[in-house]
Amino acid sequence: MDRIGDDMMFEEILSRLPAKVVCQFKCVCKQWCYELSTPKFVLIHTRRLSNLLQKKLLSLNEHTIVVDDIVSGNLEVDTRKIVTFPYDVQPSRLIIIGSFNGLILLCIRRTDANELVLWNPTIRRFKLISDDYFSRYFGRHDDTGGMYVDEHNDLKVLHINCFAGAVTARVYSRHNDSWRKLSFLKGCMFGSNFYSWSPGIYSGKTIYFTVSNYWIPPGECNIVAFDVISESFSILRFPERIQVNPCQVHFLTTSDKLHGIVVRYSDELTAELQCSHSSTIGSAAKDEYNSRQ
């Protein structure tokens, strides 16, 4: 064991194991718990799992939560499994806000209050992170967010709410188990009910959102970027080759690169996949926003 070394043990051996087994190995000792929880190990483990031919598809149906296997791009319905949610609530009342390294951020919509839950369906663990703020606000089209791990190995949850024309941004710390309000961009109108926010996509220490307006002016589309290091927001411009009026743009990450799916409206519905390095997009940050003001 001494000749193997810690790097070989964690990065080359334990990183190839299923998530349930990794979670069990955290109980070996404090060092193993720390090493298996670092962002470096999580990233290596996630990349190894993403390279597997078998993927998982989680679906919220009317009364059940279903997990299907996707093998080489094909849905294997024979392997379908029913997953039990930790709370006694119908799946139809659940809203998926975002996901990050196997964690899913969900909102439970209730008649008296809303609840925000971090859930790992693989190892069946969950954490209720909502406070009394969510008893007043939450809407399917008015709330969004994302997750990330900071430089101190603390899991953070970003939540954005649009209400009465104002945008409220808060961040949750898993280490402190508390919420903290953030400063949002001054002068923008993204809190209006004319705008619709996409879920956040994490790429290159930044969480990206598309903010679209389908009313006045029709087809307006914006990129809002949240820097996880400085915890600040900026507005970025679309690449010049993308004609954004009218279209829809949705972000995704492929091979650690940020991509945008552009859906255009015409006599025939067309879609294009645009690849942009996050550093290239980030260079357009606040100058573009200031010029619009």
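The following dialogue explains how to read several features of this predicted model.

User: What should be known about the model before reading it?

Analyst: This is a predicted model, in which local features need pLDDT of at least 70, side-chain atom pairs count only at pLDDT 80 or more, and totals for chains, interfaces and linings use all residues. Residues are numbered from 1 along each chain as its sequence is written, and side-chain values use heavy atoms, with hydrogens and water left out.

User: How many helices and strands are in the protein chain?

Analyst: Helices (H or I, at least four residues) and strands (E, at least two) are DSSP runs, numbered from the N terminus. The protein chain has 6 helices and 19 strands.

User: How is burial read, and what percentage of the residues count as buried?

Analyst: A residue is buried under 20% relative accessible area, exposed over 50%, and partly exposed in between (1.4 Å probe, protein chains only). Of the 293 residues in the protein chain, 40% count as buried. Accessible areas come from the Shrake-Rupley method with a 1.4 Å probe, and for residues only the protein chains shown count as cover. The protein chain exposes about 16,900 Å², with carbon and sulfur atoms supplying 52% of it.

User: What do contacts show about the chain?

Analyst: A contact means heavy atoms within 4.5 Å. Among contacts between residues at least 6 apart in sequence, 41% join residues at least 24 apart.

User: Which residues have the most contacts inside the largest nonpolar core?

Analyst: A nonpolar core is a set of buried Ala, Val, Leu, Ile, Met, Phe, Trp, Tyr and Cys residues joined through side-chain atoms within 4.5 Å. The largest one has 22 residues, and Phe 190, Trp 197 and Phe 233 have the most contacts inside it. The elements giving two or more residues to this core are β9 (155-163), β10 (166-173), β12 (195-197), β14 (206-213), β15 (220-227) and β16 (232-236). Another core, of 15 residues, lies apart from it and includes Phe 100, Leu 105, Met 147 and Trp 179.

User: Which residues does Phe 190 touch?

Analyst: Leaving aside residues up to four places away in sequence, Phe 190 touches Cys 162, Val 167, Tyr 195, Trp 197, Val 211, Asn 222, Val 224 and Ile 235.

User: How does one recognise paired strands?

Analyst: Two strands pair if DSSP finds at least two bridges between them. Strands β15 and β16 run antiparallel and are joined by 5 bridges; Val 224 stands opposite Ile 235 in β16. These two strands form a hairpin with 4 residues between them, and Glu 231 in the turn has a positive phi of about 55°. β16 is mostly covered, as 4 of its 5 residues are buried.

User: Where else does a hairpin appear?

Analyst: β10 and β11 form a hairpin with 4 residues between them, where Asp 177 in the turn has a positive phi of about 55°. Here 5 bridges join β10 to β11 (residues 178-182), and the strands run antiparallel. Arg 170 stands opposite Lys 181 in β11.

User: Is Ser 212 in strand β14 buried or exposed?

Analyst: Ser 212, found in strand β14, counts as buried because its relative accessibility is 5%. Not counting residues up to four places away in sequence, Ser 212 touches Phe 194, Tyr 195, Ser 196, Glu 220 and Cys 221.

User: How many salt bridges does the structure hold?

Analyst: Side chains of opposite charge can pair when their charged atoms come close. A salt bridge is a side-chain nitrogen of Lys or Arg within 4 Å of a carboxyl oxygen of Asp or Glu. The structure holds 7 salt bridges.

User: Which parts does the salt bridge of Arg 80 and Asp 68 tie together?

Analyst: The side chains of Arg 80 and Asp 68 meet at 2.7 Å, N to O. Arg 80 lies in strand β3 and Asp 68 in strand β2 (residues 65-71), so the pair ties together parts 12 residues apart in sequence. Arg 80 is partly exposed, with a relative accessible area of 46%, whereas Asp 68 counts as buried at 3% relative accessibility.

User: Which residues are linked in a network of salt bridges?

Analyst: The network links Asp 150, Lys 156, Arg 180 and Glu 231. Within the pair of Asp 150 and Lys 156, the closest N and O atoms are 3.3 Å apart. Asp 150 counts as buried at 10% relative accessibility, and Lys 156 is buried with a relative accessible area of 9%.
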